[in-house]
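Subject: Structure handover

Hello,

I am passing on the structure below. My notes follow it.

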Amino acid sequence: MIDVKLLRTDLPAVVSNLERRGFSLDTEWYTQQENTRKVLQIKLEDLRRQRNEGSKKVGQIKSQGASPTDLSIHLDHLAQIDQNLEITQKTFRTLEEALDAFYLTVPNLIDADVPDGMDSSQNRELRRVGTLPHYPFTVRDHVAIGEKLGGMSFSEASRIVGTRFVVLKGFLAQLQRALINFMLDIHVQEHGYEEVYVPHLVNRDSLIGTGQLPKFESELFKIAKSADWYLIPTAEVPVTNLARDRIFSRDELPCQWVAHTPCYRSEAGSYGKDLKGMIRQHQFEKVELVCVTTPDRSNDMLERLTAHAEAILAKLELPYRIMLLCAGDTGFGSAKTYDLEVWLPGQNDYREISSCSNFREFQARRMHARWRKGPKDKPEWVHTLNGSALAVGRTLIALLENRQDEGGKISIPEALRPYLGGISHLPEELIRPNQVI
RNA sequence: GGAGAGAUGGCUGAGUGGUCGAAAGCGCUCCCCUGCUAAGGGAGUAAGGGUGAUUAAGCCCUUCGAGGGUUCGAAUCCCUCUCUCUCCGCCA
């Protein structure tokens, strides 16, 4: 949620900032509601004051043993106030609910150093890392590699559930598991994150907290059994909500958490996009970094977090580029986002494999996540950040496509070999099924 | 799934209709005392919001899990829901 006070005091600044995203704020509606709110609230609070004072007096009158007529006159007067109060309260509540609902649909303010632009074509490429591979043969995409190697089955998945799922078997399943462990270990051991295991179902409040609701319900899978349980679309939701309703002391911050979870997305509205293969699935594995920090450090933390995601790509020797998203392409709750895009030879293009964002106070307001500088100080909002490091399914694709040879073998980057029993190439039997005699 | 108990400030925990935004203790902050250490004394210490010159003072409103009800008045009485704990059952 953006700062309500800022809306009240400097509406033009908010409007022009949000225009950079292509979001147009209904100023006429808002101004009118807000002005009414102010008048109504003053009136309401005054009526409540009168009632409180009147009620107190009843107690005094009674204890002083005043005449019954005095008392009934006073009670009549109070009844009138109450009647007025009830009407005012009803109107005020309706108004406030409308305003609250409105606030939840307003995106975050964009950082000043985010470039202008309305869509991904105007994202700014900051740099490229790694050299693109050249092949003296026709490259296969990951689907073709999967077919050749075996162990990647879309047809079986579709029989089990439907489209946009995959079954991985044998060394491909093991490769995915190796990647997860590899990423977690690096973040814990080299980058100083605390590993957390979290629920894969979350309630409405958590999704409102991180900003997926109320606006993006269609992208979520809802559990039929419960009124407000959803499958997580990213570990960001349960992990960031660890900060919900908390007041951190200075020395507890920053919190740096890493979690591996599956992610479930309905991908409504992406029909026809990336239909083939593992690029866009209803279920995929991801290792997510989440940071809760003091405001003065959040700029720095975004750079660090992004560097931590890059470190994984670098260790896996995958070529990538780093993009600074333009205002129009930056997500609803984010003030500034870097995307890491990995090179996919099968697509002859870079594709998103990580997205690292600074949410500043936006999620903290929704979650009531605060911190206190010193014991005497007022609580302030924390800043929250998160980034994928990395999307595991796409990492697996990237490895298959970038490290294939003509015969269809995949070379394993040095850094990953300890996680695969030391082998240098796939396919090789990593762990043989027991022979039953 | 069955039975019971509970939800109060940073924490523990009192509080069954007005004098309660809330005792006491712990923690924390400041001050005093004590030549180290240990200990002692005093004061302060919830959050959100409105108004105010929108980071003043002041005044005011709201909040004792959430929502509704009774009442002139609710932390306190009634109803619904959520969550937590204990015991039994079931279970990876």
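Which helix gives the largest share of the surface near RNA strand B? Helix 3 does, with 12 residues. Please keep in mind that the model is predicted.

RNA strand B

In total, 25 residues surround RNA strand B, and the closest are Arg8, Lys38, Arg49, Ser55 and Arg93. At least two residues of this surface come from each of helix 1 (4–9), helix 3 (27–63), helix 4 (68–103) and strand 13. By class, 15 of the residues are charged, six are nonpolar and four are polar. On the RNA side, sugar or phosphate accounts for 74% of the strand B atoms within 4 Å of the protein, and bases account for the rest.

Three side chains have a polar atom by a phosphate oxygen of RNA strand B: arginine 93 at 2.9 Å, asparagine 52 at 3.2 Å and aspartate 82 at 3.3 Å.

A sheet of three strands

Strand 13 (residues 370–372) also belongs to an open sheet with the order 7-13-14 and mixed pairing. Strand 7 (247–249) and strand 14 (380–381) are at the edges with a single partner strand each, so each has one side without a neighbour in the sheet. Strands 13 and 14 run antiparallel and are joined by two bridges. Arginine 370 stands opposite tryptophan 381 of strand 14.

Asparagine 386

This residue is part of strand 15 (residues 383–391). Asparagine 386 is buried, at a relative accessible area of 4%. Its side chain makes a polar contact with the side chain of glutamate 236, at 3.3 Å. Other residues that asparagine 386 touches include Glu288, Leu305, Cys356 and Phe359.

Regards

Technical notes: Residues numbered from 1 in each chain as written. Chains lettered and ligands numbered in written order. Predicted model: local features only at pLDDT ≥ 70, side-chain atom pairs only at ≥ 80, totals over all residues. Heavy atoms only, no water. Helix = DSSP H or I, 4+ residues; strand = E, 2+ residues; numbered from the N terminus. Buried < 20%, exposed > 50% of the residue type's maximum accessible area, 1.4 Å probe, protein only. Polar contact = N/O pair within 3.5 Å; in protein donor to acceptor, adjacent residues only side chain to side chain. Contact = heavy atoms within 4.5 Å. Pairing = 2+ DSSP bridges. Near = heavy atom within 4 Å. Nonpolar A, V, L, I, M, F, W, Y, C, P; charged D, E, K, R; others polar. Lists of a residue's contacts leave out its neighbours within four places in sequence.
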